[in-house]
Structures are given as structure tokens and as C-alpha cells.
Amino acid sequence: MTNEGITTDVVIIGSGMAGLMAALQLSKRRKVTIVTKSAIGAGNSEKAQGGIAAAISADDSTSSHIKDTLAAGFNHNNERVVNKLIEQAGPVMNMFFSWNTPFDRDDKGDFQLAKEGAHSRRRVFHAGGDATGFHMIKHVKEQCSKIYKCWNILWLMIF
């Protein structure tokens with residue numbers, strides 16, 4: 001067994017959607033290393049069947065989305081975190097659109113937005129029906145493969 005050293009600025013443990021999105025953002029300014037127990041993206045993110053919500057249609061607003069989210073959490077949510085996440089939804093969706101992520105569309109080419117859960121408007125995007133996670137992680141992995149090198153850790157032994 002050889003001991004190779006790795007020089008990096010940031011180590012991300014996990015290669016699901018959160019880890020890969022963090023790697024994409026951080027790699028703009030830092031050298032990023034991802035440690036994963038399996039193949040990149042082979043966790044629960046690719047199995048996610050639900051959609052992703054973003055208030056980007058003409059008849060919707062981030063303030064409405066925030067209000068719905070706070071109400072769904074019976075106002076126990078951290079309002080600052082809810083605001084930040086929902087304010088970023090539009091830019092994140094635009095990133096996925098630029099990667100040609102195949103979100104479901106109708107015959108006219110318009111997105112088939114769903115109204116689910118506590119949402120007061122249609123704002124939930126799906127890709128491949130109930131294969132949203134699969135399609136989203138596929139496109140994130142493609143972007144990440146252009147940027148970083150990944151070490152797959154099948155088991156970690158600490159001495």
C-alpha cells in the first residue's frame with residue numbers, strides 16, 4: 001500500500017446533489033476534493049422522485065413561495081434560511097436549464113409545472129416524470145467531471 005499525499009483546499013465528504021453542487025461552486029476559487037463511499041452520485045439523490053420548486057413563472061413570486069414554505073412548516077422554519085434558499089431557486093434552475101436538463105414540457109414546449117404539497121401555485125418542476133433526481137444528478141455529474149478529480153473511498157480505516 002502506498003501513501004500518496006493529496007493537496008487540496010476543500011474536502012467534501014459525499015457525492016450526492018448537495019456535495020456536487022458545493023463542489024461546483026467552491027471549485028471556482030478553490031481546489032476541491034470529493035470523497036465518496038461509492039460511485040459519484042450513486043446515493044439517494046439520483047433516486048429522488050419528487051420535483052424541485054422554483055417561483056419563476058410570470059404569475060408567481062419568491063415572496064409567495066416563501067410564504068407557502070413558512071406556512072408548510074407552521075412557522076417553525078428558520079425564516080432566514082428559507083429566504084436564502086428560495087431566493088437562489090431561480091438562479092439554480094437557470095443553471096439547470098443551461099445544461100439542458102430535460103424538465104417535463106407540454107406539447108407547446110412550456111414547462112409542466114405541478115402544484116404539490118403546500119404550494120399555492122404551480123411551481124414544481126419534474127424531469128422524466130418521477131425521475132427528477134436521476135436527470136438532475138446526471139447533469140450535475142457532467143459539469144463536475146469537467147472540473148474536479150474525485151477519489152472514491154470504498155472503506156476508510158483509521159489507525
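1. A quick definition before we start: a pocket here is an open set of grid points where a 1.4 Å probe fits, with protein on both sides within 12 Å along at least five of seven lines. Keep in mind, too, that you are looking at a predicted model. With that in hand, go to the second largest pocket, which has a volume of about 350 Å³.

2. Who lines this pocket? Ile52, Ala53, His65, Thr69, Val81, Val82, Lys84, Leu85, Ile86, Gln88, Ala89 and Val92 do. By type, the lining splits into eight nonpolar residues, three polar ones and one charged one.

3. Which element gives the most to that lining? That would be α3, with eight residues. Three elements supply at least two lining residues each: β3 (52-53), α2 (62-72) and α3 (79-98).

4. Now have a look at α2 itself. Its buried residues are Ser64, His65, Ile66, Asp68 and Leu70, and β3 and α3 are included in what covers them. His65 is worth a second glance, as this buried residue of α2 is also one of those lining the second largest pocket.

5. Follow the chain out of α2 and you'll meet some positive phi values. Phe74, just after the helix, has a phi of about 50°. Asn75 is near 60°, again positive, and is not a glycine. Is Asn75 buried or exposed? With a relative accessible area of 59%, Asn75 is over the 50% cut-off, so it counts as exposed. Its place is the loop between α2 and α3.

6. There is another asparagine to check, in the loop between α3 and β4 (124-125). This one is Asn100, with a positive phi of about 60° even though it is not a glycine. Asn100 has a relative accessible area of 62%, which means it is exposed, the cut-off being over 50%.

7. Turn next to α1, which spans residues 17-26. Its buried residues are Met17, Gly19, Leu20, Met21, Ala23 and Leu24. What do they pack against? The partners are β1 (10-13), β2 (32-36), α3 and α4.

8. The pairing of α1 with α3 deserves its own point. Two packed helices are described by the angle between their axes and the distance between the axes. For α1 and α3, the angle is about 85° and the axes are 14 Å apart. Angles of 65 to 115 degrees count as roughly perpendicular, so that is how these two helices sit to each other. At the contact, Met17, Met21 and Gln25 from α1 meet Val92, Met95 and Phe96 from α3. Five of the contact residues are nonpolar, one is polar and none is charged. Val92 turns up on both counts: it belongs to this helix contact and to the lining of the second largest pocket.

9. Finally, α4, which covers residues 132-145. Thr132 belongs to this helix, and at 1% relative accessibility it falls under the 20% limit, so it counts as buried. Apart from neighbours within four places in sequence, Thr132 touches Ala48, Gln49, Gly50, Gly51, Phe125, His126 and Ala127.

10. His135 is in α4 as well. Why does it count as buried? Because its relative accessible area is 18%, and buried means under 20%. Leaving out neighbours within four places in sequence, its contacts are Thr101, Pro102, Ala127 and Gly128. Ala127 is therefore a contact of His135 as well as of Thr132, taking contact to mean heavy atoms within 4.5 Å.

Key: Residues numbered from 1 in each chain as written. Predicted model: local features only at pLDDT ≥ 70, side-chain atom pairs only at ≥ 80, totals over all residues. Heavy atoms only, no water. 1 Å grid on protein atoms, 1.4 Å probe; cavity = no way out; pocket = protein on both sides within 12 Å on 5 of 7 lines; lining within 4 Å. Points joined across faces, edges and corners; volume = space filled by probe spheres on them. Helix = DSSP H or I, 4+ residues; strand = E, 2+ residues; numbered from the N terminus. Nonpolar A, V, L, I, M, F, W, Y, C, P; charged D, E, K, R; others polar. Buried < 20%, exposed > 50% of the residue type's maximum accessible area, 1.4 Å probe, protein only. Axes fitted to C-alpha atoms, helices over the stretch in contact; angles between N-to-C directions. Parallel < 35°, antiparallel > 145°, perpendicular 65-115°, else oblique.
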